[in-house]
Amino acid sequence: MWDGNMGKYSVDCKGIGIPNCDFGVNNASSKEDLFEILKIHARMGHNMHQIPPEKVQAAKKAMQVH
């Protein structure tokens, strides 16, 4: 029986083209949660006040669902 769980979402900075960063999001409960965590990390870890559109697209492509 389906329990409504659509999986967990993961992505890391290296996977979206930031080779010198070991940060990763693992087991986010939704895509929205994953991107909220990425926004916080982008601001605090990379001094980005917005994630550039090309990095958003890269994150969507590199995102893993498990």
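Which residues does Phe-35 touch, not counting residues up to four places away in sequence? In this predicted model, Phe-35 touches Val-56, Ala-59, Lys-60 and Met-63 under that condition. To see where these contacts belong, it is helpful to begin with the chain as a whole and then to return to the interior.

The protein chain has two helices and three strands. Followed along the sequence, these elements appear in the pattern β-β-α-α-β. The C-alpha atoms of the chain fill a box of roughly 45 × 20 × 20 Å, taken along the principal axes. Of the 66 residues in the chain, 27% are buried. Among contacts between residues at least 6 apart in sequence, 49% join residues at least 24 apart.

The strands offer a suitable starting point. In general, strands of a sheet pair through backbone hydrogen bonds, either parallel or antiparallel. Here the three strands form an open sheet in the order β2-β1-β3, and the pairing is antiparallel. The edge strands are β2, residues 24–28, and β3, residues 64–65, each of which pairs on one side only. Strand β1 is joined to β2 by three bridges and to β3 by two bridges. Individual residues show how the strands face one another. On the side of β2, Val-11 stands opposite Val-25. On the side of β3, Tyr-9 has Val-65 as its bridge partner, and Ser-10 stands opposite Gln-64.

Ser-10 deserves a closer look. This residue lies in strand β1, which spans residues 9–12. Its relative accessibility is 7%, and therefore Ser-10 counts as buried, the limit being under 20%. The side chain of Ser-10 makes a polar contact with the side chain of His-66, at 2.6 Å. Leaving aside residues up to four places away in sequence, Ser-10 touches Val-25, Asn-26, Asn-27, Leu-34, Ala-62, Met-63, Gln-64 and His-66.

The nonpolar interior comes next. In soluble globular proteins, nonpolar side chains tend to be buried together. In this model, the largest nonpolar core has 10 residues: Tyr-9, Val-11, Ile-16, Val-25, Ala-28, Leu-34, Phe-35, Leu-38, Ala-59 and Met-63. The elements that give two or more residues to this core are β1, β2 and α1, the last of these covering residues 31–46. Helix α1 gives the most, with three residues. The opening question can now be placed in this setting. Phe-35 is itself a member of the core, and among the residues that Phe-35 touches are Ala-59 and Met-63, which are also listed in the core.

The model also contains an enclosed space. The structure holds one cavity of 30 Å³ or more, and the largest cavity has a volume of about 90 Å³. Its lining consists of Cys-13, Ile-16, Ile-18, Leu-38, His-41, Ala-42, His-46, Met-48, Ile-51 and Lys-55. Which element gives the most to the lining of the largest cavity? It is α1, with four residues. Two of the lining residues, Ile-16 and Leu-38, are found in the largest nonpolar core as well.

Helix α1 also includes Gly-45. With a relative accessibility of 47%, Gly-45 counts as partly exposed, because the value falls between the 20% limit for buried and the 50% limit for exposed. Gly-45 and Ser-29 are 16 residues apart in sequence, and their C-alpha atoms are 22 Å apart in space.

Finally, the backbone has two residues that merit attention. Most residues other than glycine have a negative phi. Asn-27, although not a glycine, has a positive phi of about 65°. This residue is in strand β2 and is partly exposed, with a relative accessible area of 45%. Asn-27 is also one of the residues that Ser-10 touches. Asn-47 likewise is not a glycine, and its phi is positive, near 55°. Asn-47 is found in the loop between α1 and α2, the latter helix covering residues 53–62. With a relative accessible area of 60%, Asn-47 is exposed, because exposed means over 50%.

Notes:
Residues numbered from 1 in each chain as written. Predicted model: local features only at pLDDT ≥ 70, side-chain atom pairs only at ≥ 80, totals over all residues. Heavy atoms only, no water. Buried < 20%, exposed > 50% of the residue type's maximum accessible area, 1.4 Å probe, protein only. Polar contact = N/O pair within 3.5 Å; in protein donor to acceptor, adjacent residues only side chain to side chain. Contact = heavy atoms within 4.5 Å. Pairing = 2+ DSSP bridges. Core = buried A, V, L, I, M, F, W, Y, C linked by side-chain atoms within 4.5 Å. 1 Å grid on protein atoms, 1.4 Å probe; cavity = no way out; pocket = protein on both sides within 12 Å on 5 of 7 lines; lining within 4 Å. Points joined across faces, edges and corners; volume = space filled by probe spheres on them.
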